[in-house]
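Good morning, colleagues. Please look at the sequence and the structure on the screen, and I shall then take you through the ligand shell, the domains and some backbone details.

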Amino acid sequence: MPLLEIDKDKCIGCGGCVEACPLGALSLVDNLAVVDEKCTACGACLLACPVHALNLPEAGPQEAAKDLAAYSGVWVWVEQFHGKTGSISVEMLGQGRRLADSRKVALTACVLGHNVEHITKEAISFGADRVFWVDDPTLAAYSTAPYASTLINLVREYKPEIFLMGASSRGRDLAGSVASVLYTGLTADCTGLEIDPEKGLLLQTRPAFGGNIMATIICPNNRPQMATVRHRVFEMPVADLKRQGQVIPIKTAMSAEQITTHVVDSILEKDEVNLADARIIVSGGRGVGGPAGFETIRKLAELLGGAVGSSRSAVDAGWISYAHQVGQTGRTVRPDLYIACGISGQIQHLAGMKTSRVIVAINKNPEAPIFNVANYGIVGDLFQIVPALTEQFKNKLHK
Ligand SMILES: Cc1cc2nc3c(=O)[nH]c(=O)nc-3n(C[C@H](O)[C@H](O)[C@H](O)COP(=O)(O)OP(=O)(O)OC[C@H]3O[C@@H](n4cnc5c(N)ncnc54)[C@H](O)[C@@H]3O)c2cc1C
């Protein structure tokens, strides 16, 4: 039985739903929409209908808003690529554990893919109490419809209170798809997550208005409360290989025949700069004065075995590629050592690096805001200080 209801008196035969259906489950017969067995109640057609002729009895605003007390537990979607867990998901498991402890509820990991049983054990070692394990060849490569419909079905059945995903390309795609069908709120790109001690709501903090303020967003009337979190905002938890948890095998929501999009090829982009994983970053800003100035920065970074970062001004000026940009619209980084050279320290830059373990700022303006977050500040010309530091490190490291 198809799950979608079509009100034939309201339908105007516009075909909007036919185009919106990712599964080809809708067609027009005698100028009226008709649904077949391929429908998985994903809800993609509901928003496309201009006359509200479509209805999913279990979906809609009423679904998300009803009986909030029935929702309990914290969930994390564990992203994997070619069978390897994304470090962003491990960070999410660490946060999920912390939030679950604060709410005194269980942490559930959702592991989708093919031949991914090893990831269920990993998820437990990083804090999950329970794992939904959905293993199917159709899930080997990420695709929105089968991943989203499987998670939507799980949410409808098990009703989590909080659902977290990493703000990776896939996480952003999946979280939006799941939240829109479930009619619930989603805060994207969070940099902070806490539990309101009085109301128990998830406090989701993220930069807003161009990064000029930090907004804390709540989702009081709908469930689950959903958030994506940027990479490297939170520390990686330490694995406890002795932890025990429950692994529940789950069937995928869509059969191979129902999936109309197919991954033809996947090309792994050569990551020119791996800022996210660098333990040391030497960053240059407008103060480096041009592309040649970055050579001074690069020499120090190479000597320390680190990566080169930059402010957006340097990227906008065309001195260095976007892959190096740190900040609100660039990468979030959390290295052991961040050396900011000729960077003033505007809030949008700080949003991407202020949780670095040790920050060293080199700036000729003693009033530069970067000094407010720096552990060590050096006031002076970077073209004197950086080469001098490079020389000193060379002597120390090669003694
Ligand atoms: C929506 C939005 C998103 C943004 N996203 C980002 C982002 O992701 N990342 C980001 O970085 N910015 C971002 N910005 C831009 C941000 O507001 C700042 O404009 C930018 O960070 C400034 O870069 P800067 O510090 O290199 O340049 P400036 O602010 O011009 O600072 C240059 C600094 O270099 C110092 N200096 C100059 N010469 C020397 C020298 N010889 N030796 C030592 N010090 C010297 C100066 O004293 C000055 O403090 C964003 C802005 C907006 C509106």
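**The ligand shell**

In this predicted model, 30 residues surround the ligand, and those that come nearest are Gly 285, Gly 287, Ser 311, Arg 312 and Gly 327. Two or more residues of the shell are given by each of helix H8 (312–316), helix H9 (347–353), strand S20 (358–363) and helix H11 (382–397). As to class, 19 of the shell residues are polar, seven are nonpolar and four are charged.

Let me turn to the domains. The domain assignment divides the chain into domain 1 (5–56), domain 2 (65–258) and domain 3 (280–397). Between the centres of domain 2 and domain 3, taken over C-alpha atoms, the distance is 34 Å. Eight residues from domain 2 and eight residues from domain 3 make up the contact. On the side of domain 2 that touches domain 3, four residues are polar, two are nonpolar and two are charged.

Finally, the backbone. Most residues other than glycine have a negative phi, and most peptide bonds are trans. Which peptide bond is cis, with omega near -5°? That bond runs from Arg 223 to Pro 224, and Pro 224 sits in the loop between strand S14 (213–217) and strand S15 (225–229).

Asn 31 has a positive phi, near 65°, and belongs to the loop between strand S2 (26–29) and strand S3 (32–35). Is Asn 31 buried or exposed? Asn 31 is exposed, because 10 other C-beta atoms lie within 10 Å and the limit for exposed is 12 or fewer.

Arg 232 also has a positive phi, near 70°, in the loop between S15 and strand S16 (246–249). Arg 232 has 23 C-beta neighbours inside 10 Å and therefore counts as buried, the threshold being 20 or more.

Conventions. Residues are numbered from 1 along each chain as its sequence is written. This is a predicted model: local features need pLDDT of at least 70, side-chain atom pairs count only at pLDDT 80 or more; totals for chains, interfaces and linings use all residues. A residue is near a molecule or strand if its C-beta atom, placed from the backbone, lies within 6 Å of it. Helices (H or I, at least four residues) and strands (E, at least two) are DSSP runs, numbered from the N terminus. Ala, Val, Leu, Ile, Met, Phe, Trp, Tyr, Cys and Pro count as nonpolar, Asp, Glu, Lys and Arg as charged, and the others, Gly among them, as polar. Domain bounds come from an automatic or database domain assignment. Two residues are in contact if their C-beta atoms, placed from the backbone, lie within 7 Å.
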